[in-house]
Amino acid sequence: MSTTATSPVPGKPFKPQPGTPHADKNRKQTVSAKPVTWKLPVTLMALAVVAFIFFGLMGPQATAKFGISSGGDFFQLPAIEVPAFLTGIVLSVALLGLAGYAMFLKTKNTRPPRWLPAVFTVLFVVAFLIWVVGGARTPSISLAGLIAGSVTLAVPIVFGSLSGVLCERAGVVNIAIEGQLLGGAFTAAIVASMTDNPYLGLLAAAVAGALVSMVLAVFSIKYVVNQIIVGVVLNVLISGLTGFLFSTVMQANKEMFNSPGRLPIIEIPVLSSIPVIGPILFKQSVVGYLMYVAVAVIWIALFKTKWGLRVRAVGEHPQAADTLGIKVNATRFWNVTLGGAVAGIGGSFFTLVAIDSFTKEISGGRGFIALAAMILGRWNPIGAFFAALLFGFADNLQSIVTIIGTPVPSQFMAMLPYVVTVFAVAGLVGRSRPPAADGIPYVKG
(Lines give C-alpha, C1' and ligand atoms only; values in the text may rest on other atoms or scores of the structure.)
Protein backbone atom coordinates (compact mmCIF):
# COMPACT_ATOMS: atom_id res chain seq x y z
CA MET A 1 0.00 0.00 0.00
CA SER A 2 1.36 3.43 -0.91
CA THR A 3 0.35 6.99 -0.06
CA THR A 4 0.79 10.16 -2.10
CA ALA A 5 0.98 13.57 -0.54
CA THR A 6 -0.86 16.24 -2.56
CA SER A 7 -1.49 19.90 -2.00
CA PRO A 8 -5.08 20.61 -0.83
CA VAL A 9 -5.12 23.86 -2.80
CA PRO A 10 -4.26 23.66 -6.51
CA GLY A 11 -1.36 25.84 -7.54
CA LYS A 12 0.13 26.15 -4.04
CA PRO A 13 3.08 24.14 -2.78
CA PHE A 14 2.43 21.32 -0.39
CA LYS A 15 3.35 22.08 3.27
CA PRO A 16 3.57 18.95 5.38
CA GLN A 17 1.86 19.06 8.76
CA PRO A 18 4.03 18.88 11.88
CA GLY A 19 4.63 15.32 12.98
CA THR A 20 4.59 13.83 9.48
CA PRO A 21 7.73 12.24 8.03
CA HIS A 22 8.02 14.97 5.41
CA ALA A 23 7.85 17.72 8.05
CA ASP A 24 10.38 16.03 10.30
CA LYS A 25 12.79 15.60 7.39
CA ASN A 26 12.44 19.24 6.37
CA ARG A 27 12.89 20.40 9.97
CA LYS A 28 16.12 18.40 10.38
CA GLN A 29 17.50 19.82 7.15
CA THR A 30 16.68 23.36 8.29
CA VAL A 31 18.27 22.91 11.71
CA SER A 32 21.46 21.34 10.31
CA ALA A 33 21.99 24.07 7.69
CA LYS A 34 24.12 26.38 9.86
CA PRO A 35 26.47 28.80 8.12
CA VAL A 36 30.18 28.31 8.70
CA THR A 37 32.00 31.59 9.33
CA TRP A 38 35.47 32.62 8.19
CA LYS A 39 36.59 33.66 11.68
CA LEU A 40 38.43 30.50 12.67
CA PRO A 41 40.09 29.78 9.26
CA VAL A 42 41.25 33.40 8.85
CA THR A 43 42.60 33.52 12.42
CA LEU A 44 44.50 30.26 11.98
CA MET A 45 45.94 31.42 8.67
CA ALA A 46 47.08 34.75 10.14
CA LEU A 47 48.81 32.97 13.03
CA ALA A 48 50.35 30.44 10.64
CA VAL A 49 51.79 33.22 8.46
CA VAL A 50 53.23 34.93 11.55
CA ALA A 51 54.75 31.62 12.64
CA PHE A 52 56.25 30.99 9.19
CA ILE A 53 57.87 34.44 9.08
CA PHE A 54 59.20 34.67 12.64
CA PHE A 55 59.59 31.06 13.79
CA GLY A 56 60.65 29.76 10.38
CA LEU A 57 62.29 32.24 7.99
CA MET A 58 63.63 34.49 10.79
CA GLY A 59 64.26 31.67 13.24
CA PRO A 60 67.54 31.38 15.17
CA GLN A 61 70.34 29.12 13.92
CA ALA A 62 71.23 27.70 17.36
CA THR A 63 70.18 24.39 18.89
CA ALA A 64 67.47 24.60 21.55
CA LYS A 65 67.94 22.28 24.52
CA PHE A 66 65.13 21.19 26.83
CA GLY A 67 65.94 19.29 30.00
CA ILE A 68 63.34 16.75 31.11
CA SER A 69 64.73 15.21 34.29
CA SER A 70 65.97 16.90 37.44
CA GLY A 71 68.60 15.73 39.90
CA GLY A 72 66.16 14.05 42.27
CA ASP A 73 64.20 12.04 39.69
CA PHE A 74 63.85 8.29 40.12
CA PHE A 75 65.34 7.73 36.66
CA GLN A 76 67.03 10.18 34.33
CA LEU A 77 65.80 11.00 30.83
CA PRO A 78 68.11 12.57 28.26
CA ALA A 79 67.60 16.19 27.31
CA ILE A 80 65.86 17.02 24.03
CA GLU A 81 67.99 18.97 21.55
CA VAL A 82 66.44 20.32 18.36
CA PRO A 83 67.78 22.63 15.63
CA ALA A 84 65.73 25.77 16.09
CA PHE A 85 65.71 26.95 12.46
CA LEU A 86 64.87 23.61 10.81
CA THR A 87 62.26 22.71 13.44
CA GLY A 88 60.67 26.15 13.09
CA ILE A 89 60.35 25.68 9.33
CA VAL A 90 58.77 22.24 9.70
CA LEU A 91 56.31 23.32 12.38
CA SER A 92 55.32 26.52 10.59
CA VAL A 93 54.68 24.60 7.36
CA ALA A 94 52.50 22.19 9.36
CA LEU A 95 50.61 25.19 10.76
CA LEU A 96 50.07 26.55 7.25
CA GLY A 97 48.76 23.15 6.20
CA LEU A 98 46.26 23.03 9.07
CA ALA A 99 45.10 26.58 8.35
CA GLY A 100 44.76 25.80 4.66
CA TYR A 101 42.72 22.71 5.47
CA ALA A 102 40.39 24.82 7.63
CA MET A 103 39.90 27.24 4.73
CA PHE A 104 39.25 24.37 2.33
CA LEU A 105 36.54 23.05 4.65
CA LYS A 106 34.99 26.54 4.76
CA THR A 107 34.67 26.57 0.96
CA LYS A 108 32.70 23.32 1.35
CA ASN A 109 30.59 24.93 4.12
CA THR A 110 31.92 22.29 6.54
CA ARG A 111 32.98 22.99 10.10
CA PRO A 112 36.57 22.10 10.97
CA PRO A 113 36.88 19.09 13.30
CA ARG A 114 37.47 19.87 16.97
CA TRP A 115 40.95 18.39 16.91
CA LEU A 116 42.16 20.91 14.35
CA PRO A 117 42.35 24.06 16.54
CA ALA A 118 43.67 21.96 19.45
CA VAL A 119 46.53 20.50 17.35
CA PHE A 120 47.20 23.93 15.85
CA THR A 121 47.51 25.47 19.32
CA VAL A 122 49.93 22.78 20.54
CA LEU A 123 52.17 23.11 17.45
CA PHE A 124 52.13 26.90 17.68
CA VAL A 125 53.15 26.86 21.37
CA VAL A 126 55.95 24.34 20.67
CA ALA A 127 57.24 26.41 17.75
CA PHE A 128 57.11 29.58 19.84
CA LEU A 129 58.97 27.94 22.72
CA ILE A 130 61.73 26.65 20.41
CA TRP A 131 62.03 30.10 18.84
CA VAL A 132 62.34 31.79 22.25
CA VAL A 133 64.87 29.33 23.67
CA GLY A 134 66.89 29.04 20.45
CA GLY A 135 67.40 32.80 20.31
CA ALA A 136 68.58 33.12 23.92
CA ARG A 137 72.15 33.69 25.10
CA THR A 138 71.87 30.38 26.95
CA PRO A 139 69.67 28.23 24.65
CA SER A 140 68.73 25.72 27.32
CA ILE A 141 65.90 25.49 29.85
CA SER A 142 64.48 22.84 32.15
CA LEU A 143 61.16 21.75 30.70
CA ALA A 144 60.25 20.01 33.96
CA GLY A 145 60.95 23.18 35.93
CA LEU A 146 58.98 25.29 33.47
CA ILE A 147 55.88 23.10 33.76
CA ALA A 148 56.13 22.63 37.53
CA GLY A 149 56.59 26.35 38.10
CA SER A 150 53.65 27.11 35.82
CA VAL A 151 51.36 24.87 37.85
CA THR A 152 52.52 26.45 41.10
CA LEU A 153 51.88 30.00 39.86
CA ALA A 154 48.47 28.94 38.56
CA VAL A 155 47.19 27.66 41.94
CA PRO A 156 45.42 30.88 43.12
CA ILE A 157 44.13 31.50 39.59
CA VAL A 158 42.59 28.01 39.50
CA PHE A 159 40.82 28.54 42.83
CA GLY A 160 39.59 31.95 41.70
CA SER A 161 38.27 30.58 38.42
CA LEU A 162 36.48 27.75 40.24
CA SER A 163 34.83 30.37 42.45
CA GLY A 164 33.62 32.14 39.32
CA VAL A 165 32.29 28.89 37.85
CA LEU A 166 30.29 28.10 40.99
CA CYS A 167 28.78 31.58 41.10
CA GLU A 168 28.04 32.13 37.43
CA ARG A 169 26.67 28.63 36.84
CA ALA A 170 24.00 29.67 39.35
CA GLY A 171 23.43 33.01 37.61
CA VAL A 172 25.48 35.47 39.71
CA VAL A 173 28.36 37.42 38.15
CA ASN A 174 31.33 37.27 40.50
CA ILE A 175 33.58 40.27 39.90
CA ALA A 176 34.69 40.14 43.55
CA ILE A 177 37.16 37.26 43.08
CA GLU A 178 40.05 39.67 43.62
CA GLY A 179 38.60 40.74 46.97
CA GLN A 180 37.98 37.13 47.99
CA LEU A 181 41.59 36.17 47.23
CA LEU A 182 42.92 39.22 49.06
CA GLY A 183 40.66 38.65 52.07
CA GLY A 184 41.72 35.01 52.25
CA ALA A 185 45.41 35.92 52.06
CA PHE A 186 45.13 38.54 54.83
CA THR A 187 43.07 36.37 57.17
CA ALA A 188 45.32 33.35 56.65
CA ALA A 189 48.37 35.43 57.57
CA ILE A 190 46.95 37.01 60.71
CA VAL A 191 45.24 33.86 62.08
CA ALA A 192 48.25 31.63 61.37
CA SER A 193 50.53 34.18 63.04
CA MET A 194 48.41 34.51 66.17
CA THR A 195 47.84 30.76 66.58
CA ASP A 196 51.22 29.64 65.23
CA ASN A 197 49.29 27.11 63.10
CA PRO A 198 49.18 27.57 59.29
CA TYR A 199 46.41 24.97 59.00
CA LEU A 200 44.11 27.15 61.10
CA GLY A 201 45.10 30.01 58.82
CA LEU A 202 44.02 27.93 55.82
CA LEU A 203 40.63 27.29 57.42
CA ALA A 204 40.25 30.96 58.35
CA ALA A 205 40.99 31.96 54.75
CA ALA A 206 38.04 29.89 53.53
CA VAL A 207 35.78 31.55 56.13
CA ALA A 208 36.99 35.02 55.10
CA GLY A 209 36.31 34.33 51.44
CA ALA A 210 32.85 33.04 52.29
CA LEU A 211 32.07 36.19 54.30
CA VAL A 212 33.07 38.43 51.40
CA SER A 213 30.83 36.36 49.13
CA MET A 214 27.94 36.61 51.55
CA VAL A 215 28.04 40.38 51.22
CA LEU A 216 27.94 39.98 47.43
CA ALA A 217 25.06 37.52 47.71
CA VAL A 218 22.96 39.64 50.09
CA PHE A 219 23.18 42.82 48.03
CA SER A 220 22.89 41.23 44.59
CA ILE A 221 20.26 38.58 45.38
CA LYS A 222 18.16 39.95 48.25
CA TYR A 223 18.35 43.67 47.44
CA VAL A 224 18.74 43.20 43.66
CA VAL A 225 21.70 45.60 43.39
CA ASN A 226 23.68 45.45 40.16
CA GLN A 227 26.04 42.50 40.58
CA ILE A 228 28.98 44.04 38.74
CA ILE A 229 28.81 47.24 40.79
CA VAL A 230 28.68 45.28 44.06
CA GLY A 231 31.66 43.19 42.99
CA VAL A 232 33.76 46.22 42.08
CA VAL A 233 32.87 47.96 45.35
CA LEU A 234 33.82 44.85 47.33
CA ASN A 235 37.20 44.68 45.61
CA VAL A 236 37.92 48.29 46.51
CA LEU A 237 36.61 47.80 50.07
CA ILE A 238 38.72 44.70 50.78
CA SER A 239 41.78 46.29 49.21
CA GLY A 240 41.45 49.41 51.35
CA LEU A 241 40.59 47.50 54.52
CA THR A 242 43.47 45.02 54.27
CA GLY A 243 45.88 47.83 53.33
CA PHE A 244 44.81 49.86 56.36
CA LEU A 245 45.10 46.91 58.76
CA PHE A 246 48.46 45.97 57.28
CA SER A 247 49.83 49.45 57.94
CA THR A 248 48.33 49.93 61.40
CA VAL A 249 48.33 46.42 62.87
CA MET A 250 50.70 44.09 61.03
CA GLN A 251 53.61 46.47 60.64
CA ALA A 252 53.31 47.59 64.27
CA ASN A 253 53.94 44.04 65.51
CA LYS A 254 55.14 41.81 62.72
CA GLU A 255 56.10 38.91 65.00
CA MET A 256 52.60 38.73 66.42
CA PHE A 257 50.45 39.43 63.37
CA ASN A 258 52.50 38.83 60.20
CA SER A 259 54.67 35.75 60.73
CA PRO A 260 52.39 32.94 59.62
CA GLY A 261 55.01 30.39 58.62
CA ARG A 262 54.54 28.13 55.63
CA LEU A 263 52.56 25.02 54.88
CA PRO A 264 55.00 22.13 54.40
CA ILE A 265 55.60 20.56 51.00
CA ILE A 266 54.34 16.98 51.13
CA GLU A 267 56.26 14.55 48.93
CA ILE A 268 54.76 11.17 48.09
CA PRO A 269 57.63 8.65 48.04
CA VAL A 270 58.66 7.21 44.64
CA LEU A 271 55.79 8.96 42.81
CA SER A 272 57.30 12.40 43.42
CA SER A 273 60.50 11.23 41.68
CA ILE A 274 58.79 10.50 38.34
CA PRO A 275 60.24 12.88 35.72
CA VAL A 276 58.05 15.90 34.81
CA ILE A 277 54.75 14.76 36.34
CA GLY A 278 56.18 13.75 39.71
CA PRO A 279 56.79 17.24 41.11
CA ILE A 280 53.51 18.48 39.61
CA LEU A 281 51.19 15.83 41.03
CA PHE A 282 53.00 14.36 44.00
CA LYS A 283 55.16 17.15 45.46
CA GLN A 284 52.78 19.86 46.56
CA SER A 285 51.57 21.72 49.62
CA VAL A 286 48.12 21.03 51.05
CA VAL A 287 46.77 23.91 48.95
CA GLY A 288 48.25 22.36 45.79
CA TYR A 289 46.64 18.99 46.49
CA LEU A 290 43.35 20.71 47.33
CA MET A 291 43.47 22.38 43.91
CA TYR A 292 43.33 19.03 42.08
CA VAL A 293 40.64 17.76 44.43
CA ALA A 294 38.55 20.91 43.99
CA VAL A 295 38.65 20.73 40.18
CA ALA A 296 37.54 17.08 40.16
CA VAL A 297 34.87 17.45 42.87
CA ILE A 298 33.31 20.59 41.40
CA TRP A 299 33.21 19.11 37.89
CA ILE A 300 31.56 15.91 39.15
CA ALA A 301 29.15 17.86 41.34
CA LEU A 302 28.07 20.21 38.55
CA PHE A 303 27.67 17.69 35.74
CA LYS A 304 27.06 14.32 37.38
CA THR A 305 24.77 15.00 40.36
CA LYS A 306 21.22 16.15 40.99
CA TRP A 307 22.57 19.18 42.86
CA GLY A 308 24.57 20.22 39.83
CA LEU A 309 21.58 19.83 37.55
CA ARG A 310 19.58 22.15 39.80
CA VAL A 311 22.37 24.70 39.91
CA ARG A 312 22.70 24.74 36.13
CA ALA A 313 18.92 24.99 35.78
CA VAL A 314 18.90 28.03 38.05
CA GLY A 315 21.63 29.63 35.94
CA GLU A 316 19.99 28.86 32.61
CA HIS A 317 16.25 29.26 33.27
CA PRO A 318 15.33 30.29 36.83
CA GLN A 319 11.61 30.55 36.06
CA ALA A 320 11.46 26.94 34.92
CA ALA A 321 13.52 25.85 37.93
CA ASP A 322 11.15 27.70 40.24
CA THR A 323 8.12 25.95 38.77
CA LEU A 324 9.80 22.62 39.57
CA GLY A 325 10.12 23.56 43.22
CA ILE A 326 13.79 24.64 43.22
CA LYS A 327 14.49 27.59 45.51
CA VAL A 328 16.27 29.81 43.03
CA ASN A 329 17.60 32.56 45.29
CA ALA A 330 18.58 30.16 48.07
CA THR A 331 20.54 28.06 45.57
CA ARG A 332 22.28 31.17 44.29
CA PHE A 333 23.08 32.40 47.80
CA TRP A 334 24.76 29.18 48.90
CA ASN A 335 26.60 28.76 45.62
CA VAL A 336 28.05 32.24 45.90
CA THR A 337 29.07 31.53 49.50
CA LEU A 338 30.72 28.26 48.50
CA GLY A 339 32.52 30.00 45.66
CA GLY A 340 33.89 32.58 48.10
CA ALA A 341 35.21 29.84 50.39
CA VAL A 342 37.01 28.24 47.42
CA ALA A 343 38.56 31.58 46.44
CA GLY A 344 39.60 32.19 50.06
CA ILE A 345 41.57 28.94 50.04
CA GLY A 346 43.28 30.14 46.88
CA GLY A 347 44.16 33.40 48.62
CA SER A 348 45.90 31.52 51.43
CA PHE A 349 48.44 30.35 48.83
CA PHE A 350 50.05 33.80 48.78
CA THR A 351 50.83 33.96 52.50
CA LEU A 352 51.12 30.31 53.48
CA VAL A 353 52.91 28.82 50.44
CA ALA A 354 54.44 31.44 48.13
CA ILE A 355 55.85 33.73 50.85
CA ASP A 356 55.52 33.74 54.63
CA SER A 357 54.02 37.20 55.15
CA PHE A 358 51.30 39.53 53.89
CA THR A 359 51.89 42.68 51.86
CA LYS A 360 49.57 45.24 50.31
CA GLU A 361 47.82 44.07 47.13
CA ILE A 362 49.53 40.69 47.39
CA SER A 363 47.01 39.12 45.01
CA GLY A 364 48.35 41.33 42.21
CA GLY A 365 45.18 41.33 40.10
CA ARG A 366 45.00 37.56 39.85
CA GLY A 367 41.30 37.67 40.66
CA PHE A 368 40.67 39.37 37.33
CA ILE A 369 42.97 36.89 35.61
CA ALA A 370 40.88 34.11 37.18
CA LEU A 371 37.76 35.72 35.73
CA ALA A 372 39.38 35.64 32.28
CA ALA A 373 40.41 32.00 32.80
CA MET A 374 36.82 31.12 33.67
CA ILE A 375 35.59 32.70 30.42
CA LEU A 376 38.35 31.09 28.38
CA GLY A 377 37.44 27.76 30.01
CA ARG A 378 33.79 28.24 29.03
CA TRP A 379 32.41 28.09 32.57
CA ASN A 380 33.67 24.54 32.98
CA PRO A 381 35.94 23.57 35.94
CA ILE A 382 38.28 21.52 33.77
CA GLY A 383 38.41 24.15 31.04
CA ALA A 384 39.05 26.86 33.63
CA PHE A 385 41.85 24.75 35.11
CA PHE A 386 43.70 24.47 31.81
CA ALA A 387 43.07 28.13 31.02
CA ALA A 388 44.59 29.05 34.39
CA LEU A 389 47.61 26.88 33.54
CA LEU A 390 48.05 28.98 30.39
CA PHE A 391 48.33 32.13 32.53
CA GLY A 392 50.71 30.37 34.92
CA PHE A 393 52.80 29.17 31.96
CA ALA A 394 53.11 32.70 30.56
CA ASP A 395 53.93 34.11 34.00
CA ASN A 396 56.67 31.55 34.60
CA LEU A 397 58.02 31.75 31.06
CA GLN A 398 58.51 35.51 31.21
CA SER A 399 60.69 35.02 34.29
CA ILE A 400 62.72 32.25 32.65
CA VAL A 401 63.31 34.10 29.37
CA THR A 402 64.68 37.03 31.35
CA ILE A 403 67.19 34.71 33.06
CA ILE A 404 68.38 32.94 29.90
CA GLY A 405 68.70 36.23 28.02
CA THR A 406 66.24 35.91 25.15
CA PRO A 407 65.68 39.01 22.98
CA VAL A 408 61.89 38.66 23.34
CA PRO A 409 60.60 41.35 25.76
CA SER A 410 59.09 39.92 28.94
CA GLN A 411 56.15 42.34 28.58
CA PHE A 412 55.27 40.61 25.32
CA MET A 413 55.18 37.27 27.14
CA ALA A 414 52.94 38.69 29.86
CA MET A 415 50.34 39.94 27.41
CA LEU A 416 49.93 36.69 25.46
CA PRO A 417 47.27 35.08 27.70
CA TYR A 418 45.15 38.22 27.55
CA VAL A 419 45.33 38.27 23.76
CA VAL A 420 44.17 34.64 23.69
CA THR A 421 41.35 35.53 26.08
CA VAL A 422 40.22 38.40 23.83
CA PHE A 423 40.19 35.99 20.88
CA ALA A 424 38.16 33.49 22.90
CA VAL A 425 35.59 36.03 24.08
CA ALA A 426 35.28 37.36 20.53
CA GLY A 427 34.56 33.84 19.31
CA LEU A 428 37.68 33.55 17.16
CA VAL A 429 38.73 30.26 18.78
CA GLY A 430 35.27 28.90 19.43
CA ARG A 431 32.00 30.23 20.71
CA SER A 432 31.97 31.16 24.39
CA ARG A 433 28.47 31.50 25.87
CA PRO A 434 27.76 32.17 29.54
CA PRO A 435 24.72 30.71 31.34
CA ALA A 436 21.59 32.35 29.94
CA ALA A 437 20.50 33.94 33.24
CA ASP A 438 24.00 35.01 34.30
CA GLY A 439 23.84 38.45 35.91
CA ILE A 440 20.05 38.64 35.77
CA PRO A 441 18.41 38.91 39.24
CA TYR A 442 15.39 36.73 39.87
CA VAL A 443 12.35 38.25 41.53
CA LYS A 444 9.62 35.70 42.17
CA GLY A 445 6.13 36.58 41.07
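In this predicted model, Asp-196 is exposed, its relative accessible area being 65%. The residue is placed in the loop that runs between helix 6 and helix 7, and its phi is positive, at about 55°, although Asp-196 is not a glycine. A positive phi in a residue other than glycine also appears at Val-270, where the angle is about 70°. Val-270 belongs to the loop between strand 4 (266-267) and helix 10 (277-282) and, with a relative accessible area of 55%, is likewise exposed, because the cut-off for that class is over 50%.

Helix 6 itself holds Ser-193, which, in contrast to the exposed Asp-196, counts as buried at 9% relative accessibility. Once neighbours within four places in sequence are set aside, the contacts of Ser-193 are with Met-256, Phe-257, Asn-258, Ser-259 and Pro-260. One of these residues, Phe-257, offers its backbone oxygen to the side chain of Ser-193 at a distance of 3.5 Å.

The interior was examined next. The largest nonpolar core comprises 72 residues, and within this core the most contacts are made by Val-158, Phe-159, Val-287 and Phe-358. At least two residues of the core come from each of helix 5 (143-169), helix 6 (177-195), helix 7 (198-222), helix 8 (227-250), helix 11 (286-304), helix 14 (328-354), helix 15 (366-376) and helix 16. The greatest contribution to this core is that of helix 5, which gives 11 residues. Apart from this core lies another, made of 31 residues, which include Leu-44, Ala-51, Ala-99 and Leu-116.

The surroundings of Phe-358 illustrate how distant parts of the sequence meet: residues up to four places away being left out of the count, Phe-358 touches Leu-182, Ala-185, Phe-186, Ala-189, Thr-242, Phe-246, Met-250, Asn-258 and Thr-351. Lys-360 occupies the loop between helix 14 and helix 15, and its contacts, neighbours within four places in sequence again excluded, are Gly-243, Phe-246 and Ser-247. Phe-246 is thus listed both for Phe-358 and for Lys-360. With Ser-247 the contact of Lys-360 is also polar, running from side chain to side chain at 3.3 Å. Along the chain Lys-360 and Gly-240 stand 120 residues apart, yet 9.2 Å separates their C-alpha atoms.

A search of the whole structure for aromatic pairs returned 13 of them. One is formed by Phe-120 and Phe-124, whose rings are stacked, with 6.4 Å from centre to centre and 15° between the planes. Both residues lie in helix 4 (residues 115-134), where the four residues that separate them amount to about one turn of the helix. In an α-helix there are 3.6 residues a turn, so residues three or four places apart point the same way. Phe-120 has a relative accessible area of 2% and is therefore buried. The two phenylalanines are also members of one aromatic cluster, which consists of Phe-55, Phe-120, Phe-124, Phe-128 and Trp-131.

The rings of Phe-333 and Trp-334 are arranged edge-to-face, because their planes stand at 85° while their centres are 5.3 Å apart. Trp-334 is exposed, with a relative accessible area of 56%, whereas Phe-120 of the stacked pair is buried. A further arrangement that involves an aromatic ring is found at Tyr-223, over whose ring the charged end of Lys-222 sits, 5.8 Å from the ring centre.

Helix 16 (residues 381-404) was considered at both of its ends. Its 24 residues reach 34 Å from the first C-alpha to the last, close to the 34 Å expected at 1.5 Å a residue. The N-terminal end of helix 16 is capped by Asn-380, of which a side-chain oxygen lies 2.9 Å from the backbone nitrogen of Ile-382. Just after the helix comes Gly-405, with a positive phi of about 80°.

Among the strands, strand 2 (residues 80-83) contains Glu-81, an exposed residue with a relative accessible area of 52%. With residues up to four places away in sequence not counted, Glu-81 touches Thr-63, Ala-64 and Lys-65. Between Glu-81 and Gly-67, which are 14 residues apart in sequence, the C-alpha to C-alpha distance is 8.7 Å.

Terms used. Residues numbered from 1 in each chain as written. Heavy atoms only, no water. Phe/Tyr/Trp six-rings, centres within 6.5 Å; stacked < 30°, edge-to-face > 60°. Buried < 20%, exposed > 50% of the residue type's maximum accessible area, 1.4 Å probe, protein only. Lys NZ or Arg CZ within 6 Å of the ring centre and 35° of its normal. Expected span 1.5 Å × (residues − 1). Polar contact = N/O pair within 3.5 Å; in protein donor to acceptor, adjacent residues only side chain to side chain. Core = buried A, V, L, I, M, F, W, Y, C linked by side-chain atoms within 4.5 Å. Contact = heavy atoms within 4.5 Å.
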